[in-house]
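Q: Please take a close look at the pockets of this protein, beginning with the largest pocket. What lines it, and how do the residues around it fit into the rest of the chain?

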Amino acid sequence: MTSNTEGSPSPDKLKPRPRSVLEVNTLTAGDISASLKDGFSDFLARPVMSGFFGLFYAVFGILFVWCLVWLGKIWMIIPAAVGFPLVAPFAAAGLYEMSRRMQAGENFGWSEILTVMARQRNREMGWMAFVTLFIFWVWMYQVRLWLAIILQDASFSDFDGFLNVLFFTPQGWTFLAVGTCAGAFLSAVLFTVTVVAMPMLLDRETNFVTAMLTSIRAVAENPVVMLGWAAIISAAMLVSLVPAFLGLIVTLPVLGHTTWHLYRRAVPPAEEGSLKPES
């Protein structure tokens, strides 16, 4: 008689296979300084191409605000301008590729960079774009929610009226306080899941979940350094918005190139055996 268990897998084979986890390095303030230096050098090496990505991002921001004015959504201008930098990591994909090629000593032109960017729609980068845009949508929706709850009786006939309510009334101060806390939380979440994930997806073949988990781990193991880097990004991006978004022409490329170099310092190269089984 044939046993019912004949040919069935052994208990060892029924165990789930260990999931690979990417190692991350310990970072210091010196890594941020060195990455900023390398990022600025990359910008100076290709200022026209780097500036193009910054200009494209700035023009998109200007058109976005103009559409809000045209639609009469005056109250959305400030939250849109403040939340706009949330999508910067995705906009910097071309800058990551430029830094990758410069670091590898490869020659490249417009066609090589734009081709790599176009190919990302068929890779995991598309899912990260969805995550980024979803958090931006949540940002805009929560602003609307707090407006309805806190400033429900306020009237915004023009932009000056909105500013007057926002900065010179108790309800406006409450809205700013609550909105700032909510915005800081969303920004922290997006920064944590993208700071390493975006350049990592462009650099190697992996899935977006692994990339996000690696990004979270890099932040968790280097909280002070990553908090400092997040503060630098936030301050630089907000200052760049003041001159009608035009500061982004320089700021975005430098920050994008710097993020690439910080990622390379945070995550060991794939060829050095950066995968280890999870215990």
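A: The description below begins with the whole chain, turns to the pockets, and ends with the core and some individual residues.

The model is a predicted one. Its protein chain has 14 helices and 2 strands. Of the 279 residues in the protein chain, 43% are buried. The accessible surface amounts to about 15200 Å², and carbon and sulfur atoms account for 66% of that area. When contacts between residues at least 6 apart in sequence are considered, 78% of them join residues at least 24 apart.

The largest pocket holds about 1000 Å³ of space. Its lining consists of 42 residues, and those nearest the centre are Val-82, Pro-85, Leu-86, Ser-187 and Ser-234. Two or more lining residues come from each of helix 4 (77-83), helix 5 (88-91), helix 8 (125-150), helix 9 (159-168), helix 10 (170-194), helix 13 (223-241) and helix 14 (248-266). Helix 10 gives the most to this lining, with 12 residues. In chemical class, the lining of the largest pocket comprises 32 nonpolar and 10 polar residues, with no charged residues.

The second largest pocket has a volume of about 560 Å³. It is lined by 21 residues, and Phe-56, Tyr-57, Val-87, Phe-90 and Ala-91 are the closest to its centre. Helix 3 (47-70), helix 5, helix 7 (110-119) and helix 8 each give two or more residues to the lining of the second largest pocket. Helix 5 and helix 8 are also among the elements that give two or more residues to the lining of the largest pocket. In the second largest pocket, the lining divides into 17 nonpolar residues, 3 polar residues and 1 charged residue.

Tyr-57, named above beside the centre of the second largest pocket, also belongs to the largest nonpolar core. That core has 73 residues, and Tyr-57, Val-196, Met-226 and Phe-245 are those with the most contacts inside it. Helix 8 supplies the largest share of the core, 10 residues.

Phe-245 can be followed further. With neighbours within four places in sequence left aside, Phe-245 is in contact with Ala-58, Gly-61, Ile-62, Val-65, Ala-81, Phe-84 and Ser-240. One of these partners, Val-65, is placed in helix 3. Val-65 counts as buried because its relative accessible area is 17%, under the 20% limit. Beyond its neighbours within four places in sequence, Val-65 is in contact with Ile-77 and Phe-245. The C-alpha atoms of Val-65 and Ile-77 are 6.1 Å apart, while the two residues are 12 residues apart along the chain.

Thr-194 has its place in helix 10, the element that gives the most to the lining of the largest pocket. Thr-194 is buried, since its relative accessible area is 4%. Residues up to four places away in sequence not counted, Thr-194 touches Pro-89, Met-128, Thr-132, Pro-199 and Ser-215.

Ala-92 lies in the loop between helix 5 and helix 6 (93-103). Although placed in a loop, Ala-92 is buried, with a relative accessible area of 2%. Ala-92 and Trp-260 are 168 residues apart along the chain, and their C-alpha atoms are separated by 9.6 Å.

Terms used:
Residues are numbered from 1 along each chain as its sequence is written. This is a predicted model: local features need pLDDT of at least 70, side-chain atom pairs count only at pLDDT 80 or more; totals for chains, interfaces and linings use all residues. Side-chain values use heavy atoms; hydrogens and water are left out. On a 1 Å grid over the protein atoms alone, a cavity is a set of points where a 1.4 Å probe fits but cannot get out, and a pocket is an open set with protein on both sides within 12 Å along at least five of seven lines; lining residues have an atom within 4 Å of a point. Grid points are joined across faces, edges and corners, and a volume is the space filled by probe spheres set on the points. Helices (H or I, at least four residues) and strands (E, at least two) are DSSP runs, numbered from the N terminus. Ala, Val, Leu, Ile, Met, Phe, Trp, Tyr, Cys and Pro count as nonpolar, Asp, Glu, Lys and Arg as charged, and the others, Gly among them, as polar. A nonpolar core is a set of buried Ala, Val, Leu, Ile, Met, Phe, Trp, Tyr and Cys residues joined through side-chain atoms within 4.5 Å. Buried means under 20% relative accessible area, exposed over 50%, partly exposed in between (1.4 Å probe, protein chains only). Contact means heavy atoms within 4.5 Å. Accessible areas come from the Shrake-Rupley method with a 1.4 Å probe; for residues, only the protein chains shown count as cover.
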